[in-house]
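Here are a few short exercises to work through with the structure open beside you. Try each task before reading its solution.

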Amino acid sequence: MRIDPSDLATFLAIARHRSFRAAATELGVTPSALSHALRNVEERLGLRLVNRTTRSVALTEAGERLFARITPAFRDIDDALEDLNNFRGKPAGTLRFTAARQSAQLVLLPIVTRFLRAYPDVSVELVINDALIDMVAAGFDAGVRFGETIAADMIAVPIGPRHRFAVVASPAFFKAYKVPNTPHDLKGLPCIRYRFTSGALYHWEFERGGIEVEIDVTGALTMNDQDLMVDAALDGAGLAYVFEQQVEALLAKRKLTRVLADWCPAYPGFFLYYPSRRQLPAALRAFVDFARAPTSP
């Protein structure tokens, strides 16, 4: 029994995207051609690899095992081909990044746009995903997150400036509610809560003079998007705990009012992380160096 590597690449694309249409777009073929190629692989193996309906695509147990086993092999092939970039004298190829929305917006995208101007032979695909994923299995080269959310087996490089959080609300809000002077004063005030993709609610974190305080705030409105939290705060829905950089312009225009600033210290910020491999692809190596530079061109 011989399976052509291109057919396995077809299966990998379907397994990564869990979508025939998205996989077909990646490979530049029609969904029907992709389905036919997968059916040929399954017939030669004598196993069903993918369960598909009109509404969903899921791997069978055999498909999951095959996906886990051949993904590293294809990554090694990609690395070997990427290493050939060294012989062309400059990095080339495609880099795929995964990042949460705020890390992409505040840190990654500004670096990427400058990097693409400096390295015109490199292309970048940026996928927004607030959930923590198996980056290697999903086919990503690197990602950007807060340091504490990065797996221990990854190489993490700090990028961008330090960041602070800000507790904000509309001026009209403080006409109806008292101004909190300490984090404990938040109890009983309507706060806009943030829920992680995991389902856990975020507890607001504060620190001053070596004293750390964590508050499980309450409120009628819960969201999983900080940009929408800012919009809700502007509408007077409550206090929001968001990145300082998100609300700087609104604070300057006095559309929002900030409180507890002395309880919001600067944090190390975001980290670029990638798998530990002996040979980094030339394009990724160039991006890491570029992102670490004090002032990128």
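**Exercise 1.** Is glutamate 212 buried or exposed?

*Solution.* Keep in mind that this is a predicted model. Begin with the relative accessible area of glutamate 212, which is 69%. Exposed means over 50%, so glutamate 212 is exposed. Next, find its place in the fold: glutamate 212 belongs to strand β10, which covers residues 211-215. Finally, look at its company on the surface, where Glu205, Glu212, Glu214 and Asp216 form a patch of negative charge.

**Exercise 2.** Work out why cysteine 264 has no bond to cysteine 191.

*Solution.* Start with the cut-off: a disulfide needs two cysteine sulfur atoms within 2.5 Å. Now take the sulfur of cysteine 264; the closest cysteine sulfur, in cysteine 191, lies 12 Å away, and that is too far for a bond. The disulfide count by this rule is zero. Cysteine 191, accordingly, takes part in no disulfide. To finish, check the burial of both residues: cysteine 191 is buried at 1% relative accessible area, and cysteine 264 is buried at 4%.

**Exercise 3.** Locate isoleucine 155 and describe its exposure.

*Solution.* First, trace the chain to strand β6, residues 154-159, where isoleucine 155 sits. Then read its relative accessible area, 34%. Partly exposed is the class between 20% and 50%, so isoleucine 155 is partly exposed. As a last step, set sequence beside space: isoleucine 155 and leucine 272 are 117 residues apart in sequence, while their C-alpha atoms are 8.2 Å apart.

Terms used
Residues are numbered from 1 along each chain as its sequence is written. This is a predicted model: local features need pLDDT of at least 70, side-chain atom pairs count only at pLDDT 80 or more; totals for chains, interfaces and linings use all residues. Side-chain values use heavy atoms; hydrogens and water are left out. Patches are made of residues with over 30% relative accessible area and no salt bridge: like charges are joined within 9 Å, nonpolar side chains (Val, Leu, Ile, Met, Phe, Trp, Tyr) within 5 Å. Accessible areas come from the Shrake-Rupley method with a 1.4 Å probe; for residues, only the protein chains shown count as cover. A salt bridge is a side-chain nitrogen of Lys or Arg within 4 Å of a carboxyl oxygen of Asp or Glu. Lys and Arg count as positive and Asp and Glu as negative; His and the chain ends are not counted. The place of a charge is taken as NZ of Lys, CZ of Arg, CG of Asp or CD of Glu. Helices (H or I, at least four residues) and strands (E, at least two) are DSSP runs, numbered from the N terminus. Buried means under 20% relative accessible area, exposed over 50%, partly exposed in between (1.4 Å probe, protein chains only).
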